[in-house]
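User: I am new to this structure and would like a close look at a single part of it. Please take me through one helix and its surroundings with some care.

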Amino acid sequence: MDESAEVVIVGGGVMGASVAYHLSTLGVTDIVLLERNELASGSTSKSAGGIRAQFADELNVRIALRSIEEFTAFAELVDTDIDFHQAGYLFLLDNEEDAAQFRAALELQHSLGVPSREIPVGEAAAIVPGLETSDLLTATFCPIDGYATPEAVVQGYAAAARKAGAQIRQGDPVTGIEVEGGRITGVVTPGGRIATGTVVCAAGAWSEEVAALAGVDLPVHGERRFMHYTPDSGGLPRGLPLAVDFSTGFYFHSEGPGLVFGGREEALDAIAEHAMHRLPLLAELPVQASWSGYYEMSPDHNAIVGAAADPQGFLYATGFSGHGFQQAPAVGEHLAELITGREPSLDLSPFSLERFARGEVRKEHFVI
C-alpha cells in the first residue's frame, strides 16, 4: 500500500537527523526519515566529534558560530547530554606557508567575533605536556572549539523529531526516487512506495548514488579516515584540546580516561610515525581499538548544500569533507528553512551544486 509524506529524508546520520529536527521545530511533522542500517551507523559514529570555528572560509566560520550556539544549548533544546567539551582546538604549525594562512584566517575569524588567537610554542607545550615542539614555528588556539559525542547528537535530534510526529525508519534503504514532469513524486523502498514532493539527500559518502536515482549528479566521493583509542593517557591531564599537527594531519584529544588519535594514513604504523614524533609518550601506550569512517569529499573541500533546479523538490546536504558533524545544526536549520519557504538564517547559496557549473570553486584550506 502506498504511503505519503510531506518530506522524505534519506540518511540517518547527523545531517538527516538535524533536518528532521529543524523541520519539526518549524511545524513540519509529516516526515519519514529512511536509514538503510541504524541511526548514526555510517560516518557519524566514526567521527572524532570535533567542533571548531577555526576555518579559512568566512561562510564556514558563520556556520560554525551558529552550530556552536546550538551545541551549547543542546541539552536544553532536546533534553540530551552530548558531552560537549569546549576544550579548544590547538593547531600546531611547522612551516611559514601554513603559519601565514592561519594568521590571515585569524583576522577573518576576529572580524566575526571568534576568540581565536596565535600562541607561542611554549604555551602550546604547557597546554599539552610532553608535546614535541622543537620543529614548530607557532600555534593557534580557540577556547570555544571542542568536541562532543556524535551518536548522542543524532539520538537527541531523532528523538525530538519522533516526539513531534516524524517517522524514523531503520533498516529501510531507498531503492528508487520517482520524478515526473521535472518534479519529485515519490520514493521507493523494499517495503513499498512513499508519495512525496520533497526528498532530502543526506546520505554522506553515499550521496552520489542516492542523488543519481533522481538524475542529479553530486560530485562526492568517500575518503577513508582511521582513528585509534588508547585507554591510558600516559599521565596527560584530562580535558585536552583537540590538537592537530596540521602539516601531517595527525590529531588527538582526550576521550574518557585515555586518548583518541588519528590521521590520513590507513596503517597504524604510518600514523604512528607522525604520532610518536609529535607526542612521544604515545609510543608507550596500548591501542585498544581502531576503526575507520568516510569523509565525503567535494571537489573544493566545501559543503554542497541546497535545492536542485531539476528535479524540483530534491534537496541535498553533502560533501562536507570532514566537517559534516560540526556543521549539522546550521545546515539542518538551513534546509528546513528552504523547505518551508522561510528567509534563511544564513545564506548558504554559495555552497549550492551550481557553483561547479559556474566555475565558482570555493576552496576550504583547513581540512584535517
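**A close look at helix 1**

User: Where does helix 1 lie in the sequence, how many of its residues are buried, and what does helix 1 give to the largest nonpolar core?

Analyst: The model is a predicted one, and what follows should be read with that in mind. Helix 1 covers residues 14–25; its twelve residues reach 16 Å from the first C-alpha to the last, which is close to the 16 Å expected at 1.5 Å a residue. Just after the helix comes Gly27, which takes a positive phi of about 95 degrees.

The surroundings of the helix come next. Eleven of its twelve residues are buried, so helix 1 is largely enclosed by the rest of the structure. The buried residues run through Val14, Met15, Gly16, Ala17, Ser18, Val19, Ala20, Tyr21, His22, Leu23 and Ser24. In soluble globular proteins, nonpolar side chains tend to be buried together.

Helix 1 also has a part in the largest nonpolar core, which holds 56 residues and in which Ile9, Leu23, Ile82 and Val153 touch the most other members. Several elements each supply at least two residues of this core, among them strand 2 (7–10), helix 1, strand 3 (31–35), helix 6 (150–164) and helix 9 (324–340). Of the contributors, helix 1 gives the most, with seven residues.

Two residues of the helix show what lies around it. Leu23, once its neighbours within four places in sequence are left aside, is in contact with Val7, Ile9, Val28, Ile31, Ala336, Ile339 and Thr340. A second core, separate from the one just described, has 24 residues and includes Val32, Ile177, Ile184 and Tyr316. Ser24, also in helix 1, is buried with a relative accessible area of 14%, a value that falls under the 20% limit for being buried. Leaving aside its neighbours within four places in sequence, Ser24 is in contact with Ile31, Ala161 and Ala164; Ile31 thus appears among the contacts of Leu23 as well as among those of Ser24.

To return to the opening request, helix 1 spans residues 14–25, has eleven of its twelve residues buried, and gives seven residues to the largest nonpolar core, the most of any contributor.

Technical notes:
Residues are numbered from 1 along each chain as its sequence is written. This is a predicted model: local features need pLDDT of at least 70, side-chain atom pairs count only at pLDDT 80 or more; totals for chains, interfaces and linings use all residues. Side-chain values use heavy atoms; hydrogens and water are left out. Helices (H or I, at least four residues) and strands (E, at least two) are DSSP runs, numbered from the N terminus. Buried means under 20% relative accessible area, exposed over 50%, partly exposed in between (1.4 Å probe, protein chains only). Contact means heavy atoms within 4.5 Å. The expected span of a helix is 1.5 Å times one less than its number of residues. A nonpolar core is a set of buried Ala, Val, Leu, Ile, Met, Phe, Trp, Tyr and Cys residues joined through side-chain atoms within 4.5 Å.
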